[in-house]
Amino acid sequence: MSKTLLIVEDDPGLQSQMRWCFGDDISVSVASDRESAIAMLRRHEPQVVTLDLGLPPDPGGATEGFALLDDILRLSPESKVVVVTGREDNENAVRAIGMGASDFYQKPLDADILTFVVNRAFRLAELERENRDLARRGNGTTIKGIVAASPQMLSVCRTIEKVAPADVTTLINGETGTGKELLARAIHDLSHRAEQPFAAINCAAIPENLLESELFGYEKGAFTGATQSKKGKIEMANGGTLFLDEIGDMPMSLQAKLLRFLQERIIDRVGSVRGIPVDVRVVCATHRNVEELIGSGDFREDLYYRLSEITIDVPALRERDGDAIVIAQSLLKGLANQMDRPQLAFTDDAIQAIQQHQWPGNVREMINKIKRATIMAEGKRVTADDLQLDCDQEPADNHVLNLRQVREEAERHAIAQALQSSHYNMARAARLLGITRPTLYNLTDKYGIATSAEVSNV
C-alpha cells in the first residue's frame, strides 16, 4: 500500500524543506491553510498529516491549528496527525496529544528527527490497518477478545496457541476478571474441535443439589418435576469442548463422579442405569489456589492431577506491563463507537490514572469504569473524574515538561522488550519495532542499551 503524507505549513520555505525530507516511496501533498488542508484531506485520504498549529488567519497563535486538528480527527479518524510546534510550546503539544494527535515535533526543522517521527506514524497507521483487516477476516493466530502487548500476556497467548491443537485437559488459573473464559474459548477455536459445540458451566453459580443434573443430565422421573429426559452440559458438548468455570468451588460430593467421567469418558444421567460414552475436551478455570484447597481437604488431589495435564497461569492486569492503557484505549474506541461518540479520547490525567490504578477487578472492572465514563464524559475528552479514578499528578509545569521524558522512556522500554523477544537478533528486533537496523543501533547507543552484538565484540 502506497504511503501518503499531507504537510500543513503556511511558510513556503519550510514546505519545501519538509518535502525534501521524504523519498519517492512517500506521496507528499501540501496545504497552507485550513480550507486547502480539508480539500487535500478529502482528495488524498493521507495516512499521516504533519500539522503546524500556527496557521492563517492566526499564524502567531494556535486557534486555527486546533480547529483544523479537530476537523481532521472528525473527517479522517484513521489518519495519524503529527503536530508541529515551536521549541517552547510544550503546553499546546500536550493539548494536541490529549485531543487525539498521535505525536508532536518541535521546530526548528531537523530532517532526521522529522523523518523518524513521520515514519513511526506511518508504522502505527499500518499496524492499525492490519488489525482492522484481521478483525474483518476473523482468521490468523490472534486470540479473539484478548488485547495484549505485555510480554507476560503474549507468553500466555503463545502457550494457548501451542496447547490448543493437543487434546489435553487444561486448567487455567487467574484472578476474577482476567479473561479465563476468553482463553478457554480460544483453546476451543484453535483446536480441531472448533466446529463442534462449546458448553460452559459455572460451578459456583449453581446450587449443589442442581449441579449434578446440570452437568450429567437426568432421565424422566428421576426426581419430582423431571417430566422428560434432559441432556447435561457434558453430553451437550459431545465432540467439542466442556468449560468448567470456578472448578475450585465444585462440591466434594460431585468430584468423585467427575473424576470417574474423566477416567472413563462415560457419564451416568441422574436416574439412569446405562452409561453414555462422551467424547469431549475438558478445560477448567478457577480463581482459587487449588493446592491450598487440597491441603484443607476441600478438593481431591487425584482430580486435580486429572484436570491439570496442562496448567496456564493468567497474570492479573496490574502484573501486565503496559497492558492497562492498551486495553483501555481499545475498550474506549469500541464503546465510543457503539454510543455514536467516535471522537472520544482520554485526557492526560485519565491516562496517568489508568496506569497508576491497581485494577483489583482486572479487565472486568476496567470495562465498567470505561462504560460509565463513555456515558458521563462531556465534550470529546474522558477525564480521570469520569473514570472515577484518583490521579496523583505532579505540578502542572513539571507535567508539561515531562512529555518528552515519557516518550523517551516508552521508546527505551519498547526497544528493550523487542531485543528480549528476538533473543537480541538486531534485524528481527528492528522489524518488530518497525524501524531500520541502523536506526535501532542509533537508538541503543542513545539510550545506552546493551546488545548481543556489542557484548560479543568486547
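## Asp52 and its strand

In this predicted model, Asp52 stands opposite Val84 in S4, and Asp52 itself lies in strand S3. The UniProt record, in an unreviewed entry, places the feature "modified residue: 4-aspartylphosphate" at Asp52. Because its relative accessibility is 7%, and buried means under 20%, Asp52 counts as buried. Leaving aside residues up to four places away in sequence, the contacts of Asp52 are with Val8, Glu9, Asp10, Val84 and Lys107; Val84 is thus named both as a contact of Asp52 and as the residue opposite Asp52 in S4.

The strand that holds Asp52 spans residues 48–52 and is mostly covered, with five of its five residues buried. Val48, Thr50 and Asp52 point one way from S3, while Val49 and Leu51 point the other way, and the residues of both groups are buried.

## The sheet that contains S3

S3 belongs to an open sheet of five strands in the order S2-S1-S3-S4-S5, with parallel pairing. The edge strands of this sheet are S2 (26–31) and S5 (103–106), each of which pairs on one side only. On average, and with direction ignored, neighbouring strands of this sheet are turned by 20° against each other.

On one side of S3 in the strand order is S1, which covers residues 3–8 and pairs with S3 in the parallel sense over four bridges; within this pairing, Leu6 has Val49 of S3 as its bridge partner. S1 also pairs with S2, again in the parallel sense, over six bridges, and here the bridge partner of Val8 is Ala31 in S2. Val8 is also among the residues that Asp52 touches. S4 (residues 80–85) runs parallel to S3 and is joined to S3 by five bridges.

## Helices around this sheet

The connection from S3 to S4 involves helix H3 (residues 63–75), and the three elements make a right-handed β-α-β unit. H3 packs on a sheet in which it touches S1, S3 and S4, and the direction of H3 makes about 165° with that of S3.

Helix H4 (residues 90–99) lies across S4 and S5, where H4 runs at about 160° to S5. S4 therefore has a place in both descriptions, as a member of the β-α-β unit with S3 and H3 and as one of the strands that H4 lies across.

## The other sheet

Another open sheet of five strands has the order S7-S8-S11-S6-S12, also with parallel pairing. Its edge strands are S7 (198–202) and S12 (310–313), and each of these pairs on one side only. Neighbouring strands in this sheet are turned by 15° against each other on average, when direction is ignored.

Within this sheet, S6 (residues 170–173) and S11 (residues 281–286) pair in the parallel sense over four bridges, and Ile172 stands opposite Ala285 in S11. Helix H7 (residues 180–189) packs on the sheet and touches S6, S7, S8 (241–245), S11 and S12, with a direction that makes about 155° with that of S6.

How values were computed
Residues are numbered from 1 along each chain as its sequence is written. This is a predicted model: local features need pLDDT of at least 70, side-chain atom pairs count only at pLDDT 80 or more; totals for chains, interfaces and linings use all residues. Side-chain values use heavy atoms; hydrogens and water are left out. Buried means under 20% relative accessible area, exposed over 50%, partly exposed in between (1.4 Å probe, protein chains only). Helices (H or I, at least four residues) and strands (E, at least two) are DSSP runs, numbered from the N terminus. Two strands pair if DSSP finds at least two bridges between them. Axes are lines fitted to C-alpha atoms, for helices over the stretch in contact, and angles run from 0 to 180 degrees between N-to-C directions. Contact means heavy atoms within 4.5 Å. UniProt positions are given in the numbering used here, feature names are shortened, and annotations may be inferred rather than shown by experiment.
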